[in-house]
Amino acid sequence: MRVYLPCTLPALATAVKLGELGPAPLTGYAVTPALTEWYASGDTEELEYVALTEAARASLRMLAADRADGVQAPPRRVVVAAEVPEGTARAGADLEERARVRLAQAVPLAKVAAVHIDDVEAAADIEAALAALPAADEGDDDARFTVDGAEAHELMWYATQEIPDLLRS
C-alpha cells in the first residue's frame with residue numbers, strides 16, 4: 001500500500017540519519033475506503049493525488065510547528081511516499097480527512113519510493129501561507145486564500161537516490 005507521509009527537510013535529514021521515518025505512531029495519507037467512496041468517479045492516480053495533497057497540507061502544518069519550536073526549516077513542503085504492507089495502515093474516522101491513516105510502526109527508508117518537495121521558487125508563497133495559517137484557522141477567508149495559494153505549487157518528484165542532494169540544497 002502506498003502511503004504519503006508529511007515531512008520537513010530537517011525531519012527528512014533525521015530520518016536519513018536514523019534509517020527510518022518515525023517514531024511511531026505516524027500519521028500518513030493513503031487511498032482509503034472512505035476516500036474511494038467519497039471520490040467515486042476518480043481512478044487510482046487521482047485518488048493518490050488527493051492523498052498526496054492532504055500530506056502536503058500536513059507538511060505545511062509541520063513547518064509551522066517547527067518554526068514555533070525554534071527549528072528553522074526551509075519553506076518547502078515535503079512528502080515522503082512509502083510502500084507499507086497492507087493492513088499496517090489504519091484508516092481514521094475523521095470525515096474531514098478521508099485519506100488519513102495511522103501507522104503503528106516506523107517506516108524504514110528502504111520502503112521509501114520517492115520524495116515530493118516544493119521547488120525553491122515556491123518559497124515566498126509557502127512563507128506567506130505559514131504566516132496566514134493562524135488567521136486561516138480562525139476563519140479569515142483572505143488568510144485561507146493565501147494558505148490555499150501554497151497548493152498552486154505542484155510538488156516535484158525525486159527518486160530516493162536524490163535525497164542526499166535535496167538535503168544539501
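## A tour from the β2–β3 loop to helix α5

Begin by selecting P23, which lies in the loop between β2 (20-21) and β3 (26-29). What you have open is a predicted model, and every stop on this tour should be read with that in mind. With P23 highlighted, add G22 and look at the bond between them: G22 and P23 are joined by a cis peptide bond, with omega at about 0 degrees. Now move along the loop to P25, which also lies between β2 and β3, and display A24 beside it, since a cis peptide bond joins A24 and P25 as well, again with omega of about 0 degrees. As background to this stop, most peptide bonds are trans.

Next, step back along the chain and select G19, which comes just after α1 and takes a positive phi of about 85 degrees. From there, extend the selection to the whole of helix α1 (residues 9-18), and colour its buried residues, L9, L12 and A15. If you turn the view to look down the axis of α1, these buried residues fall within an arc of 115 degrees, so they line one face of the helix. Rotate to the other side of α1 and you will find K17 and L18, which are exposed. To see what the buried residues of α1 pack against, show β1 (2-7), β2, β4 (78-83), β8 (112-117) and α6 (163-168). Before leaving, zoom in on the N-terminal end of α1, which is capped by T8, with a side-chain oxygen lying 3.2 Å from the backbone nitrogen of A11.

For the following stop, select E54, which lies in helix α3 (residues 44-68). Is this charged side chain's residue buried or exposed? E54 counts as buried because its relative accessibility is 13%, which is under the 20% cut-off. Display the side chain of R57 too, as a polar contact of 2.5 Å joins it to the side chain of E54. Leaving aside neighbours within four places in sequence, E54 is in contact with Y29 and E97, so-called distant partners that are worth adding to the view.

Now bring up helix α4 (residues 123-137) together with helix α5 (residues 141-150), whose axes come within 8 Å and cross at roughly 145 degrees. The crossing of α4 past α5 is left-handed. On the α4 side, select D125, I126, A128, A129, A132, L133, A135 and A136, and on the α5 side A143, R144, T146, V147 and A150, which together make the contact. Colouring this selection by class will show ten nonpolar, one polar and two charged residues.

Within that contact, pick out T146 of helix α5, which counts as partly exposed because its relative accessibility is 29%. Its contacts, leaving aside neighbours within four places in sequence, are A128, A129 and A132. A C-alpha to C-alpha distance drawn from T146 to D125 gives 7.8 Å, although the two are 21 residues apart in sequence.

Finish with α5 on its own, where A143, V147 and A150 are buried. They cover an arc of only 40 degrees around the axis, which puts them on the same side of α5. The buried residues of α5 pack against α3 and α4, whereas D141, D142 and F145, on the other side of the helix, are exposed. As a last selection, show D140 at the start of α5, where one of its side-chain oxygens reaches to within 2.8 Å of the backbone nitrogen of D142.

Methods: Residues numbered from 1 in each chain as written. Predicted model: local features only at pLDDT ≥ 70, side-chain atom pairs only at ≥ 80, totals over all residues. Heavy atoms only, no water. Axes fitted to C-alpha atoms, helices over the stretch in contact; angles between N-to-C directions. Helix = DSSP H or I, 4+ residues; strand = E, 2+ residues; numbered from the N terminus. Left-handed = near helix turned anticlockwise from the far one by under 90°. Contact = heavy atoms within 4.5 Å. Nonpolar A, V, L, I, M, F, W, Y, C, P; charged D, E, K, R; others polar. Buried < 20%, exposed > 50% of the residue type's maximum accessible area, 1.4 Å probe, protein only. Polar contact = N/O pair within 3.5 Å; in protein donor to acceptor, adjacent residues only side chain to side chain. Arc of directions from axis to C-beta.
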